[in-house]
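Here is a brief report on domains, ligand surroundings and core. Keep the sequence and the model in view while reading.

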Amino acid sequence: MANPTLLILAGDGIGPEVMAEVKRIITWYGDKRDMPFDVTEDLVGGCAYDKHGTPLHDDTMAKAQEVDAVLLGAVGGPAYDDLDFSVKPERGLLRLRKEMDLFSNLRPAQCFDALADFSSLKREIVAGLDIMIVRELTSGVYFGEPRGIHTEGNERVGVNTQRYTESEIARVARSAFELARRRNNRVCSMEKANVMESGVLWRQVVTEVHAKDYADVELSHMYADNGAMQLVRNPKQFDVIVTDNLFGDLLSDAAAMLTGSLGMLPSASLGLPMANGRPKALYEPVHGSAPDITGQGKANPIACILSFAMALRYSFDAGSEADRLEAAVEKVLADGARTADLLGPEGGSPISTTQMGDAILAALDASL
Ligand code: NAD
Ligand code: IPM
Ligand code: MN
């Protein structure tokens with residue numbers, strides 16, 4: 001059987017730095033676990049704009065549609081902040097999500113015990129935390145029309161449109177209920193049905209999908225502002241949270257900090273099954289290109305590495321190998337390995353991006 005195929009789009013800033021460690025781990029799986037992948041690399045974001053004048057070349061888009069999974073680093077940076085909106089690095093990522101139809105974005109927030117004291121919240125609030133945010137990723141205010149900046153009278157007006165069809169809501173709700181069944185069987189849906197019609201429809205459709213096919217799962221609803229408050233007050237009350245594109249963006253960054261650092265949080269963006277049964281998929285850390293630490297060897301590669309673990313689990317049916325990689329990460333943290341972002345206020349001496357990769361590879365070797 002042909003090897004599974006991966007397209008690596010390392011992107012900008014710390015993207016290539018953290019992806020370099022993932023590439024070593026992919027090689028390890030080929031050498032030590034007899035799981036060879038066929039890897040192709042290409043450009044996305046600012047680096048693609050520099051070369052092609054577009055943040056995502058059509059050839060790259062076509063490759064992304066063909067591979068078994070895409071691994072992405074990060075895009076963006078100050079050099080590109082003033083570019084026209086249509087060619088900004090972030091548009092490259094948004095095009096991938098939209099054209100691959102990756103409607104279900106899984107953003108787990110797990111607090112590794114070794115890091116419970118590094119969260120901005122108290123240990124007892126976050127220790128043992130394990131929640132999953134399911135963010136709708138291909139619609140809502142990110143993509144709704146009309147949009148743009150125009151002039152009315154003598155002033156400028158910026159317009160974006162929040163828009164959801166019932167089928168868009170239903171499919172992401174289903175993916176949240178399916179996930180909950182494999183976890184603690186609870187879903188909390190977040191919107192603002194008190195002020196937005198799209199929120200009213202969201203709540204109705206989630207309730208209908210639940211009643212029809214998932215009555216065994218416990219469902220609750222919460223206004224998203226209260227949800228933000230509850231996430232920092234008592235995050236362990238949640239199992240799966242399902243929410244729209246913009247609320248999911250904000251809530252997942254907040255959840256990231258519960259775990260100690262944005263540098264820890266992976267994500268999987270999943271679409272419909274392909275002919276081979278695997279879902280269309282893109283895996284990326286939740287964090288961005290971190291221009292403030294680029295090129296200094298300070299970036300934490302764990303979010304990107306755990307994103308590859310999600311690829312093993314959700315694209316390659318290798319849950320036990322994903323467990324192995326996650327356990328290796330947990331072990332190095334328990335042993336005290338810390339990149340700079342994981343140091344508490346009392347300080348300590350951080351290790352570099354590459355040294356964190358070394359430590360995780362050594363823990364993988366030790367797992368054999
Ligand atoms: P950011 O996530 O890049 O950085 C926020 C803070 O977290 C910074 O202080 C950074 O140093 C730190 N940080 C992030 N990742 C880290 C890691 N792996 N290790 C250690 N520290 C880490 O967010 P930002 O500064 O708001 O955005 C910078 C650029 O990245 C912007 O152009 C933005 O659009 C883009 N961005 C891209 C993505 C993506 O590619 N998916 C996500 C978010 C932001
Ligand atoms: C994320 C990022 C992206 C988003 C940007 C870079 C387009 O913040 O993946 O969370 O807003 O979705
Ligand atoms: Mn974000």
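The protein chain divides into domain 1 (1–108 + 263–368) and domain 2 (130–258). These bounds come from an automatic or database domain assignment. The model is predicted: local features need pLDDT of at least 70, side-chain atom pairs count only at pLDDT 80 or more, and totals for chains, interfaces and linings use all residues. Residues are numbered from 1 along each chain as its sequence is written, while chains are lettered from A and ligands numbered from 1 in the order in which they are written.

The C-alpha centres of domain 1 and domain 2 lie 24 Å apart. Their contact (C-beta atoms, placed from the backbone, within 7 Å) takes 14 residues from domain 1 and 16 residues from domain 2. On the domain 1 side, α4 (89–99) and β4 (104–110) each give two or more residues. β4 gives the most, with five residues.

The table sorts residues by type; Ala, Val, Leu, Ile, Met, Phe, Trp, Tyr, Cys and Pro count as nonpolar, Asp, Glu, Lys and Arg as charged, and the others, Gly among them, as polar.

| Set | Nonpolar | Polar | Charged |
|---|---|---|---|
| Domain 1 side touching domain 2 | seven residues | three residues | four residues |
| Shell around ligand 1 | eleven residues | seven residues | four residues |

Ligand 1 has 22 residues around it, counted when the C-beta atom, placed from the backbone, lies within 6 Å. G76, G263, H287, G288 and N300 come nearest.

I241 touches I131, I133, V134, C188, M190 and L251, not counting residues up to four places away in sequence.

Methods: Contact = placed C-beta atoms within 7 Å. Helix = DSSP H or I, 4+ residues; strand = E, 2+ residues; numbered from the N terminus.
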